[in-house]
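User: I am new to this structure and would like to understand the grounds for the terms used about it. Please explain each one as we proceed.

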Amino acid sequence: MRLDQHPILSFDRGKPITFTFDGKPVNANEGESIAAALHAAGYKTLSHSLKLGRPRGFFCAIGKCSSCMMQVNGIPNVKTCMVLAEEGMDVRTQHGWGELKNKPSSRTYPRREMPLLETDVAVVGAGPAGLSAAIYASKFGAKVLVFEENTKVGGQLIKQTHMFFGSRDHHAGVRGIDIGDKLISQLGDNVEIMTETPVVGYYAPGELAVIRDHRLHRVRAKKIIVATGASENMLALPNNDLPGVYGAGAVQTLMNVYGVLPGKRMLMVGAGNIGVIVAYQALQAGVDVAAVVEALPVIGAYQVHASKLRRCGVPILTRHTIQTTWGDGQVEGATIVRLDDNWRQIPGTEQDIACDTICLSVGLKPTVEIFFQAGCSMAKIPELGGDIPIRNEFMETSVEGLYVAGDASSIEEASSAMLEGRLAGLDAVEKLKGSSDELQELKNHVKESLDELRAGPFGEKIRQGEKKLQEEASRL
Amino acid sequence: MSSYLNQGYLDIEDITVPTEERFAKGAVAVIECVQNIPCNPCTDACPRKAITIEGSINNIPNIDFDLCNGCGICVAQCPGLAIFLIDKTFGEETATIGMPYEFLPLPEKGEEVTLLDRAGNECGRGRVTNVRNTKAMDRTPVVFLEVDKDAAMRVRFFRRDSK
Ligand SMILES: Cc1cc2nc3c(=O)[nH]c(=O)nc-3n(C[C@H](O)[C@H](O)[C@H](O)COP(=O)(O)OP(=O)(O)OC[C@H]3O[C@@H](n4cnc5c(N)ncnc54)[C@H](O)[C@@H]3O)c2cc1C
Ligand code: SF4
Ligand code: SF4
Ligand code: FES
């Protein structure tokens, strides 16, 4: 189901196209991902699990979980949430591992013919952190290449219809969707952004492998800033793999990027800011939100976010959790249950909720594969989201010249992601092109702003995490 | 523990309410934002500088009800949708409440609607007196509802009949 109107967004739908799904024609619009177009046409099952053949739908919608893999034009294991639908495409449900028809021989890509891209600074990820890094590195003269896996630039900002918090200096009061455009307009001439270009590996120091136009490219960069963001956590519960159980970010992507309704009635799990904001955005799109359940005794979201949802009549049930979800081939409902003070389910308090969508908003985890591959010293810091690379105050990891910024360095928010990106960009360019008073002043200013942002009670967790991180760093 | 932490909405005791004397002078903004969060667009929004946040951006906003002239600019600028414009001088028995409303379709002037309180519970009927929606408000229209005077600090949302 496609939305024809939305209070915040206008969807300029692309040219109508038709592709086939298991031989059946599907109407879509240019610019829609295959997974979004299939969802709009009512197809939620995209694949089947390898061992038990259980139906699978998408979960993250940002290329991070692989549950949407299908066979497209004969090629198996295509992440259909990241590939745009095209006229005449042959899309098929994949059974098993998938098989390549024309197996490439080792001679298909001889190494000497692998195209080489050279730059001063390579940025991985064009979210608020990556874009800010690019702006500031280029401002002081570095040539910057930004690699972005998605078809669109802006990271998580492209689906955030709400006005942002923070201070005016960091675009507070501006809608997330408009912040991305503001950042893009600040990019210098010496920045090039390559979309649909995932970075797939870190090799020799200063070398990355990227895929562009179906070809492997080598990237050689003097400094590398990785701002790959985060992925959503799953929740262990019976039938959590049923199509219709989605991450909150995926629901946002469907509604706010593609204008496709995730379902008719939703249960939200998790009352942090993201859960509460996405529940509100679902109402705006016309989805009925049955309730928000939260295992903690308190609501984690800001009071103002919770209040705007409550006055619409949506209950937020603290000390409640989802016990199971059920349905024939896709979600038809969920059972929720109350928890006692020791987090045990209280028998007899089960309640069935009819819904076709279950939205999980139970935390994010930094996307850090590149740092592991590069051999960075890592630390497990729950306050910052889990495994993260140990870094210094200017975001440089233990591998010289390799930086981290944004959600990949700690799960926080866009304002801090932008500040961290600036810091990394400034430090990288300082080392490449030399320092100046202006640069030093900016660096100090950015650091102060970061500290100020984290000064309040909601910054407590981050401050603790940062402390632990510094302890880890001093042990290196 | 403050009750808003598990119920999600504020009780009237949590909110700084203008005096009846101030209410009698005309429209005034009421800010329902009581937590230390890193946010401050309201302070820039007010042309009369009636809203201030002392020191850290994490402090809560204060409003000087005597400086506020009820222009309503701040209502559409607050990312928390937490500011309401109350005018207890609207009628003999009635007041108006201006509230941010980011939903479609927008109600029509004169339309009767079901009133909702902070918890989303129904609390009577009211009438739409105005819908402000300028370009500067950037897609956060403000809907004004006429309600019984004694409901002015209770009603915070509404539901349209035709759905
Ligand atoms: C519902 C919701 C509400 C939010 N509300 C607020 C708010 O009010 N205020 C606020 O400040 N913050 C808010 N945030 C948080 C904010 O959106 C994130 O913290 C911020 O987007 C993080 O920025 P980032 O650049 O680190 O990561 P992202 O925005 O996630 O960007 C990472 C980018 O990297 C790309 N990428 C990943 N891996 C690769 C690879 N291997 N190769 C190439 N590209 C890759 C991704 O495609 C993506 O574009 C909210 C988040 C959500 C989900
Ligand atoms: S109503 Fe007008 S004068 Fe009053 S606080 Fe808001 S912006 Fe300022
Ligand atoms: S802008 Fe709104 S949410 Fe932000 S501090 Fe001011 S009143 Fe609170
Ligand atoms: S990778 Fe496509 S849904 Fe997660």
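User: What makes β5(A) and β6(A) a hairpin?

Analyst: In this predicted model, β5 (residues 69-72) and β6 (residues 75-79) of chain A pair in the antiparallel sense over three bridges. Pairing requires at least two bridges, so the three bridges here satisfy the criterion. Two residues lie between the strands. Within the pairing, A:Val72 stands opposite A:Ile75 of β6(A). In the turn, A:Asn73 has a positive phi of about 50 degrees.

User: Which residue has a positive phi although it is not a glycine, and where is its place?

Analyst: A:Ser66 has a positive phi, of about 70 degrees, and is not a glycine. A:Ser66 is in the loop between β4 (55-56) and β5 of chain A.

User: What is the omega of the peptide bond that joins B:Leu104 and B:Pro105, and what is that bond called?

Analyst: Omega is about -10 degrees, and the bond joining B:Leu104 and B:Pro105 is a cis peptide bond. B:Pro105 belongs to the loop between β5 (94-100) and β6 (112-117) of chain B.

User: Which contacts of ligand 1 are polar contacts, and why?

Analyst: The cut-off for a pair of N or O atoms is 3.5 Å. An oxygen atom of ligand 1 is 2.5 Å from an N or O atom in the side chain of A:Glu148. For the side chain of A:Gln160, the corresponding distance is 3.1 Å. A backbone N or O atom of A:Pro128 lies 3.2 Å from an oxygen atom of the ligand. Each of these distances is within 3.5 Å, and therefore each pair is a polar contact. Taken alone, ligand 1 exposes 1000 Å², of which the protein buries 93%.

User: Which parts of chain A supply the shell around ligand 1?

Analyst: The helices α2 (128-139), α5 (273-285) and α8 (414-433) of chain A each supply at least two residues. The greatest contribution is that of α8(A), with three residues. By domain, at least three residues come from each of domain 2 (116-231 + 365-474) and domain 3 (245-364) of chain A. In total, 31 residues surround ligand 1, and A:Ala129, A:Glu148, A:Gln156, A:Asp407 and A:Ala414 are the closest. By class, the shell has 14 nonpolar, twelve polar and five charged residues.

User: How many residues surround ligand 2, and which are the closest?

Analyst: Ligand 2 is surrounded by 14 residues, the closest being B:Cys46, B:Cys68, B:Cys71, B:Gly72 and B:Cys74. The shell comprises ten nonpolar residues, three polar and one charged. Cys counts as nonpolar and Gly as polar, so B:Cys46 belongs to the nonpolar class and B:Gly72 to the polar class.

User: What is the predictor's confidence in chain B?

Analyst: The mean pLDDT of chain B is 96, and 99% of its residues reach 70 or more. For the model, ipTM is 0.97 and pTM is 0.95.

Conventions. Residues numbered from 1 in each chain as written. Chains lettered and ligands numbered in written order. Predicted model: local features only at pLDDT ≥ 70, side-chain atom pairs only at ≥ 80, totals over all residues. Heavy atoms only, no water. pLDDT = per-residue confidence, 0-100. Near = heavy atom within 4 Å. Polar contact = N/O pair within 3.5 Å; in protein donor to acceptor, adjacent residues only side chain to side chain. Areas by Shrake-Rupley, 256 points an atom, 1.4 Å probe, with all protein chains shown as cover. Helix = DSSP H or I, 4+ residues; strand = E, 2+ residues; numbered from the N terminus. Domains from an automatic or database assignment.
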